[in-house]
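Here are a few short exercises to work through with the model open beside you. Try each task before reading its solution.

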Amino acid sequence: MKKIRFAINVIKIFMKNQVQDITNILLDVFNMFSRCIVVFLLYAYIFKLNNGVVNGVDFKTTIWSMFIYFCIMILNIRRLDNIIMEDVQSGNVEMYMNKPTSYLTLSFMRTLGQGLFSFLLISFIGSIIMGLFIGIPKLNLVIFIPTFILTFILGQILGLLIYGTIGLLSFFVQDIRPIHWIVDKFVMILGGSYLPISMFPNFMKDLAFISPFGAINFASSTVFDFWNKEFIVRLIIQIVWIEVFVVILYIVYKKSKEKAMVNGG
Amino acid sequence: MNIIEVKNLSKEYKYNVKDEKRGFLYNLFNRKEKIVKAVDDISLSVKEGETIAFIGPNGAGKSTTIKMLTGILYPTKGSIKICGLTPIKDRNKLSFKIGTVFGQRSQLLPNLPLTESMEMFGVMYDMDKESIKKRIKELSDLFELNEFINQPVRKLSLGQRMRAEIATSLIHSPRIIFLDEPTIGLDVVSKKSLRDLLLKINKEEKVTIFLTSHDTEDIQSICERCVIINHGKIIIDTLTKKLIKDYVKNKNIIITPNVEFIKFPKLPNGMTYTKKTKSQIIVSVNTEKINTQKALQELIKMYDIDDINIDNESLENIIRSIYEEN
């Protein structure tokens with residue numbers, strides 16, 4: 001109970017800290033809407049050329065999938081590795097290492113706190129705009145609502161574990177940005193940033209289905225028809241990847257602490 | 001009772017050294033390690049409520065020692081007990097007993113008022129809402145934070161921010177506070193106010209103070225005991241007053257003339273001019289060669305004097321000469 005109270009408190013405080021800088025929020029909103037408009041107009045044109053259906057999926061469903069993906073990006077758990085790298089490079093990590101909460105847990109909370117307000121704001125306003133201008137796709141709400149929430153949470157936990165592992169590599173390599181770049185591109189491509197998931201060729205669909213990078217963004221697949229048949233398998237895949245990355249992160253974190261302690265960060 | 005007990009503590013760092021005569025590939029596969037002893041077999045104990053200055057030149061091993069004492073770094077050898085706990089093994093428990101302030105870093109949230117950071121750390125230290133509120137009130141009164149406690153931290157002056165940093169690190173009422181150069185970059189007024197506050201928390205809350213600083217005024221006004229470290233070894237561990245008494249070799253005699261000084265006669269052995277003007281002379285007296293009374297008599301014979309002042313050598317000079325000797 002104490003841990004939950006602490007987590008909520010820290011996330012709330014970091015959220016407040018972020019809200020004070022209104023410019024960042026405005027930039028997030030601008031970034032989101034400009035990306036959405038460009039991509040939506042482009043795909044509206046492509047779908048029009050194909051009589052409104054590509055790979056058996058209509059424009060409305062595809063655009064909602066991309067909107068969910070963009071909202072996840074606004075939460076921005078991808079910044080976690082950068083936060084850790086900056087702490088390690090600046091030496092600030094030592095300030096958090098003698099606190100009762102582990103540095104990694106605190107970094108998770110900081111990351112969530114920093115992106116949460118923009119995420120909630122943009123998702124809420126964006127959903128209303130999407131509903132008004134694009135319409136709402138046909139969904140089985142009994143399956144969609146609980147599985148969307150569950151897969152979204154599992155995806156974010158998996159994301160924190162993956163980006164946390166990359167961040168901790170900064171204890172061993174000076175610059176983790178190349179590793180971040182590679183992983184990030186996998187996450188973006190397999191999440192449907194460049195090409196909507198509905199347009200993926202079969203091998204990419206398989207890759208997005210089985211890889212941990214695709215599993216981060218399973219929430220963006222919840223609007224498709226296949227979700228109703230696949231959600232159990234997909235949730236299991238997310239849980240398996242979470243377990244794998246918990247083990248990897250635990251080992252890397254242990255080694256990182258030893259490395260910092262032995263060599264002085 | 002000893003609150004800090006350190007025995008034969010050592011810390012070695014390893015790093016790779018290149019063979020400059022060989023090429024990149026050779027160095028890639030034939031790495032040679034060099035070992036540096038940052039801390040070399042030091043032992044010390046600190047009693048509860050003591051104020052300790054842990055000083056030394058850059059690279060002497062001060063920060064490494066503090067990091068080992070606070071559980072951030074593993075010692076290579078030796079043992080540490082802080083409040084009866086081993087920092088590396090009982091890091092979590094220890095964090096409730098100690099507070100840390102690193103002068104060049106900030107643990108406060110820049111965009112929010114100070115109270116928010118204090119609340120966050122209060123929750124981190126398992127304090128309930130009421131205790132946090134009460135403690136914030138106590139610390140605000142003690143550190144005179146009320147005038148800026150509701151301002152965003154980024155808008156505070158450096159002096160205010162340092163007061164806030166120290167107050168925040170005391171939120172959980174630690175028994176020891178480790179301060180790594182807390183007055184760095186502060187103006188004279190802020191330095192004085194911070195020193196007074198540190199003395200106040202030592203007296204009123206019985207907090208043991210373990211401080212590193214390059215500012216001798218910090219040491220002289222806050223710390224009753226001085227531990228000097230150089231090349232990883234403790235070279236002096238004594239009371240600050242005793243350090244000044246034992247190591248003062250020179251006294252400065254400042255003389256002002258009745259009219260004005262025209263001639264500057266040669267001084268006896270052990271006395272040298274450090275300033276020669278028409279309106280003032282400063283003579284440095286080496287007390288090992290000539291005692292102060294004798295030196296004064298000599299000067300009275302030589303000059304028509306209106307006023308005399310005698311100053312001890314500054315602590316800064318004493319410490320500098322100790323570093324140079326070692």
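Helices (H or I, at least four residues) and strands (E, at least two) are DSSP runs, numbered from the N terminus. The model is predicted, so local features need pLDDT (the predictor's confidence in each residue, from 0 to 100) of at least 70, side-chain atom pairs count only at pLDDT 80 or more, and totals for chains, interfaces and linings use all residues. Residues are numbered from 1 along each chain as its sequence is written, while chains are lettered from A and ligands numbered from 1 in the order in which they are written.

**Exercise 1.** Count the helices and strands in chain B, then look up the confidence.

Solution. Chain B holds 11 helices and 13 strands. Its average pLDDT is 88. Among its elements, helix 11 (residues 315-325) has the lowest mean, 74, and strand 4 (residues 77-82) the highest, 94.

**Exercise 2.** Work out the strand order of the open sheet formed by 4 strands in chain B, and find its edges.

Solution. Start with the pairing rule: two strands pair if DSSP finds at least two bridges between them. The order is then 11-12-10-13, with antiparallel pairing. Strand 11 (271-276) and strand 13 (305-312) of chain B each have a single partner strand, so they stand at the edges with one side lacking a neighbour in the sheet.

**Exercise 3.** Inspect how strand 10 (residues 250-257) of chain B joins strand 13 of chain B.

Solution. Between these antiparallel strands there are 7 bridges. For instance, B:I253 in strand 10 has B:I310 in strand 13 as its bridge partner.
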